[in-house]
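Subject: Handing over the structure

Dear colleague,

I am passing this structure on to you, and you will find the sequence and the coordinates just below. After that come my notes on what was found, which you may like to read with the structure open beside them.

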Amino acid sequence: MIFDLHGFGPALLAGALMTIQLALSALCLGLVLGLLGALAKTSPHKPLQWLGGSYSTIVRGVPELLWVLLIYFGTVNLMRSIGEALGKPDLELNAFAAGTIALGLCFGAYATEVFRGAILAIPKGHREAGQALGLSSPRIFWRLILPQMWRIALPGLGNLFMILMKDTALVSVIGLEEIMRRAQIAVTASKEPFTFFLVAAFIYLGLTVLAMIGMHFLEKRSSRGFVRSAS
């Protein structure tokens with residue numbers, strides 16, 4: 001089957017690049033939030049446990065689309081106040097930044113549970129061995145806990161990242177010109193919705209396959225020196 005894209009091919013490729021940039025930006029933010037959330041939930045201090053649990057529960061309980069809309073439209077007055085204080089009354093949060101914050105916030109909430117499970121899966125004896133060697137708590141976490149945690153958490157994080165890439169389509173509602181926004185513009189101009197939405201589906205599928213290949217490489221690399229038990 002040959003698709004006539006009516007000259008919108010470069011625009012769709014630009015949308016794919018924007019989708020990748022948005023997904024990677026949200027991933028970076030989400031990993032930081034997820035790790036902080038997991039450390040809070042596994043902390044011996046009750047206030048930190050409450051803070052990490054509240055973040056995970058509240059964010060996961062609200063649809064991602066609502067977070068995109070709330071962050072984009074809800075920061076208008078805040079950004080205006082900051083802009084007036086800085087002498088820039090037109091200061092506003094653009095669609096890319098709002099999408100990154102919203103998707104990163106949601107990714108981090110789910111990643112919190114993935115990291116938490118990975119931390120709890122590490123035998124307590126490893127931490128005790130570090131203490132017996134006289135290592136400080138930060139050094140124990142950095143040298144003993146973190147490497148093992150990443151290896152255990154990678155499969156779950158890979159699944160979350162593939163979901164995140166598809167969730168980038170939600171940011172089209174606030175005007176960011178990623179794949180779906182570009183496809184909608186092409187549909188409006190050409191009146192061929194099936195063609196362009198099918199092409200968009202193939203692009204998302206291609207990005208998913210690339211992400212799976214990347215995750216397979218990372219999992220294989222992180223598992224060097226470990227023997228997998230037979231299922």
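A good place to begin is Ser190, which is found in helix H8 (residues 179–190), where helices (H or I, at least four residues) and strands (E, at least two) are DSSP runs numbered from the N terminus. At 16% relative accessibility Ser190 counts as buried, a term that stands for under 20% relative accessible area, with exposed meaning over 50% and partly exposed lying in between (1.4 Å probe, protein chains only). Leaving aside residues up to four places away in sequence, Ser190 touches His6 and Phe196, contact here meaning heavy atoms within 4.5 Å.

Before going further, please keep in mind that this is a predicted model, in which local features need pLDDT of at least 70 and side-chain atom pairs count only at pLDDT 80 or more, while totals for chains, interfaces and linings use all residues. Residues are numbered from 1 along each chain as its sequence is written, and side-chain values use heavy atoms, with hydrogens and water left out.

Phe196 comes up again among the aromatic pairs, of which a search of the whole structure finds 3. Rings of Phe, Tyr and Trp (its six-membered ring) pair if their centres lie within 6.5 Å, and planes under 30 degrees apart count as stacked, over 60 as edge-to-face and the rest as tilted. In one of these pairs, the ring centres of Phe8 and Phe196 are 5.8 Å apart and the planes stand at 90°, so the pair is edge-to-face. Because Phe8 lies in the segment before helix H1 (9–41) and Phe196 in helix H9 (residues 193–222), the pair ties together parts that are 188 residues apart in sequence. Phe8 counts as buried at 19% relative accessibility, and Phe196 is buried with a relative accessible area of 0%.

Another of the pairs joins Phe115 and Trp150, whose ring centres are 5.3 Å apart with the planes at 90°, so this pair is edge-to-face. It links distant parts of the chain, with Phe115 in helix H5 (residues 95–121) and Trp150 in helix H7 (residues 137–167), 35 residues apart. Phe115 is buried, with a relative accessible area of 0%, whereas Trp150 is partly exposed at 30%.

Helix H5 also holds Ala109, which counts as buried at 0% relative accessibility. Not counting residues up to four places away in sequence, Ala109 touches Tyr55, Ser56, Val59 and Arg60.

Arg60 leads on to the salt bridges, of which the structure holds 3, a salt bridge being a side-chain nitrogen of Lys or Arg within 4 Å of a carboxyl oxygen of Asp or Glu. The side chains of Glu113 and Lys41 meet in one of them (2.8 Å, N to O), and since Glu113 lies in helix H5 and Lys41 in helix H1, the pair ties together parts that are 72 residues apart in sequence. Arg60 forms a salt bridge with Glu113, the closest N and O atoms being 3.8 Å apart, and with Arg60 in helix H2 (residues 46–60) and Glu113 in helix H5, this pair ties together parts that are 53 residues apart in sequence. Lys41, Arg60 and Glu113 are thus linked in a network of salt bridges. Glu113 counts as partly exposed at 22% relative accessibility, Lys41 as partly exposed at 22%, and Arg60 as partly exposed at 34%. Arg182 forms a salt bridge with Glu177, the closest N and O atoms being 3.3 Å apart.

On the surface, Phe202, Leu205, Val209, Leu210 and Ile213 form a nonpolar patch with about 500 Å² of accessible area together. Patches are made of residues with over 30% relative accessible area and no salt bridge, like charges being joined within 9 Å and nonpolar side chains (Val, Leu, Ile, Met, Phe, Trp, Tyr) within 5 Å, and the areas come from the Shrake-Rupley method with a 1.4 Å probe. Leu210, one of the patch residues, is found in helix H9 and counts as exposed at 57% relative accessibility.

Finally, the unreviewed UniProt entry lists residues 16–215 as "domain: ABC transmembrane type-1", though such annotations may be inferred rather than shown by experiment. That span is 82% helix and 0% strand, and its end C-alpha atoms lie 19 Å apart.

With best wishes
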